[in-house]
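Colleague: I have the sequence and the structure open side by side, and I would like a close look at one part of the fold. Could you walk me through the small sheet towards the end of the chain and whatever sits around it, and then add a few words on other spots worth a visit?

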Amino acid sequence: MDTIWKAELKEELEQLQKLSQKRKLTEVEAAEQPWLTINHRNLLNLSSNNYLGLAGDIRLKEAMIHAVREIGTGAAASRLIVGNYPLYEQTESALAKWKGAEAGLIFSSGYSANIGMISSIIGRDGIVFSDKLNHASIVDGVILSRSEHKRYRHNDFNHLETLLKQAPFHKRKLIVTDTVFSMDGDLAKLQDLVTLKERYHAILMVDEAHSSGIFGEHGEGLVHHMKLQDKVEIQMGTFSKALGCFGAYAVGDRWLMEYFTNKMRSFIYTTALPPAILGAIYAAIRIVPNEHQRRRTLFEHSEYFRNSLLQLGFNICGSETQIIPILIGPNDQTTEFSQRLLEEGIAGIPIRPPTVPMNQARIRFSLMATHKREDLDFAIEKISLVGKQIGMIGGHTW
């Protein structure tokens with residue numbers, strides 16, 4: 001007989017099933033490639049964050065193997081104990097040079113970076129102003145900080161300014177935003193955020209997870225693309241998307257990186273990254289600045305795909321980037337759309353609450369520089385077919 005707590009947890013699972021929100025792990029092969037394999041089926045991969053196609057690059061593989069041979073398989077401790085092996089200094093110096101910053105700091109993941117930085121620089125007497133569509137790691141960082149949480153409407157800077165005006169002058173204020181919003185594919189209006197940050201004496205933190213490697217003359221990110229690198233106190237990003245490996249970073253003033261080293265719990269109490277990972281990061285930082293053609297190809301692919309879906313009549317949530325969703329709404333219909341795409345040879349994963357708001361479930365497509373134009377034409381044809389079959393486009397309704 002189940003105890004009460006077991007029964008309650010099982011009921012939660014059953015409820016997720018009823019709401020078409022229950023998730024399960026699916027074994028995937030070759031997810032770093034434009035075409036992947038699921039259940040022995042070859043599918044066009046439109047669900048990867050491997051935007052520049054570097055996750056399977058031989059140069060990164062060789063860098064990992066070299067680091068293992070030279071250093072070993074594990075760091076053996078946190079960085080403040082004995083885990084700070086020489087490759088860290090080499091890689092963080094390369095990171096700071098790439099980003100044009102005084103100093104950089106590398107973390108084990110984007111999630112741990114965001115929860116650690118936010119909770120260390122803002123406390124229960126501070127206020128965080130966060131875009132409503134920010135990543136969950138930002139939201140969780142605010143919760144851990146125990147600060148007051150003010151969520152402004154997405155990219156609505158009149159609303160943000162109203163909230164800033166209401167905040168007591170003496171309280172520490174942090175404005176935090178994604179640069180590329182991961183479920184909509186649109187961009188933060190960074191110049192407006194800088195203006196408000198300066199007007200109300202706030203700290204500005206931006207998350208470049210989905211723009212690192214892509215925007216900027218050398219892939220530095222959207223902040224550099226907008227030439228605002230001297231106006232943003234904290235730039236963070238990840239190596240696990242366009243840079244093709246794993247981990248996360250922050251860059252900024254040297255004293256601020258020292259502050260995180262001393263106050264950021266998710267940094268202090270985490271074992272350092274394995275040498276293989278750091279070797280790949282170092283290689284990626286050297287490779288990505290010169291991958292101009294991959295960036296151009298990704299931009300061309302993205303514009304072509306976005307325009308094609310718009311012409312078909314789909315709602316793509318204002319996407320401006322390589323992340324291109326189709327808004328569907330109900331969970332069950334979104335799951336059906338994804339399943340029909342699977343049957344047509346396309347891996348398009350359904351995104352449902354709580355990742356997106358209720359009744360805003362969608363298929364989130366993400367493109368890679370290594371896709372071919374014929375891949376995109378194949379996808380557009382099949383997406384159009386499924387959209388017409390289920391009444392999303394072509395004059396029909398659900």
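Modeller: Happy to; what follows starts with the sheet, moves to the helices beside it, and then visits a second region and a few backbone details. Please keep in mind that this is a predicted model.

Let us begin with the strands. The sheet is open and has 3 strands in the order E11-E14-E13, with antiparallel pairing. Strand E11 (323-329) and strand E13 (350-351) are at the edges, and each has a single partner strand, so one side of each lacks a neighbour in the sheet. Helix H13 (residues 292-312) packs on this sheet, where it touches E11 and E14, and its direction makes about 20° with that of E11. As background, strands of a sheet pair through backbone hydrogen bonds, either parallel or antiparallel.

Now for the pairing of E13 in detail. E13 and strand E14 (residues 361-366) are joined over 2 bridges in the antiparallel sense. If you would like a place to click, Pro350 has Ile363 of E14 as its bridge partner.

A good residue for getting your bearings is Ala361, which is in strand E14. Its relative accessibility is 0%, so Ala361 counts as buried. Leaving out residues up to four places away in sequence, Ala361 touches a list of residues that includes Ile326, Leu327, Ile328 and Gly329, as well as Asn331, Thr334 and Ile351. Several of these names will come back below. Ala361 also shows how the chain folds back: Pro325 is 36 residues away from Ala361 in sequence, while their C-alpha atoms are 9.7 Å apart in space.

The loop between E13 and E14 contains Pro354. The peptide bond from Pro353 to Pro354 is cis, with omega near 10°. For context, most residues other than glycine have a negative phi, and most peptide bonds are trans.

Next comes helix H14 (residues 331-343). Its 13 residues should span 18 Å at 1.5 Å a residue, and its end C-alpha atoms are 19 Å apart, which agrees. Which residues of H14 are buried? They are Asn331, Gln333, Thr334, Phe337, Ser338 and Leu341. These buried residues pack against E11, strand E12 (346-347), E13, E14 and helix H15 (373-389). Two of the names, Asn331 and Thr334, are among the residues that Ala361 touches. Just after H14, Gly345 takes a positive phi of about 100°.

That covers the sheet and its surroundings, so let us turn to the second region. All of strand E4 (residues 103-107) is worth showing: 5 of its 5 residues are buried, so E4 is largely enclosed by the rest of the structure. Ala103, Leu105 and Phe107 lie on one side and Gly104 and Ile106 on the other, so to speak a covered strand on both faces. In a regular strand the side chains alternate between the two faces of the sheet. E4 runs antiparallel to strand E10 (residues 248-252), and 5 bridges join them. Within E10, Ala248 is the bridge partner of Phe107.Phe107 also leads on to helix H5 (residues 110-121), where Ser112 is found. Ser112 is buried, with a relative accessible area of 10%. Setting aside neighbours within four places in sequence, Ser112 is in contact with Phe107, Met264 and Ser266. In H5, 10 of the 12 residues are buried, so this helix is largely enclosed by the rest of the structure. The axes of H5 and helix H6 (residues 136-145) come within 8 Å and cross at roughly 35°, and the crossing is right-handed. Residues of H5 that meet H6 include Tyr111, Asn114 and Ile118, while Ile138, Val142 and Leu144 are among those on the H6 side. The residues of this contact divide into 6 nonpolar, 6 polar and 1 charged.

Finally, here are two backbone details. Ala30 has a positive phi of about 60° although it is not a glycine, and Ala30 is partly exposed, with a relative accessible area of 31%. Lys227, in the loop between helix H9 (222-225) and strand E9 (234-238), has a positive phi near 60°. Lys227 is exposed, with a relative accessible area of 70%.

Definitions and conventions:
Residues are numbered from 1 along each chain as its sequence is written. This is a predicted model: local features need pLDDT of at least 70, side-chain atom pairs count only at pLDDT 80 or more; totals for chains, interfaces and linings use all residues. Side-chain values use heavy atoms; hydrogens and water are left out. Two strands pair if DSSP finds at least two bridges between them. Helices (H or I, at least four residues) and strands (E, at least two) are DSSP runs, numbered from the N terminus. Contact means heavy atoms within 4.5 Å. Axes are lines fitted to C-alpha atoms, for helices over the stretch in contact, and angles run from 0 to 180 degrees between N-to-C directions. Buried means under 20% relative accessible area, exposed over 50%, partly exposed in between (1.4 Å probe, protein chains only). The expected span of a helix is 1.5 Å times one less than its number of residues. A crossing is left-handed if the near helix is turned anticlockwise from the far one by less than a right angle, and right-handed if clockwise. Ala, Val, Leu, Ile, Met, Phe, Trp, Tyr, Cys and Pro count as nonpolar, Asp, Glu, Lys and Arg as charged, and the others, Gly among them, as polar.
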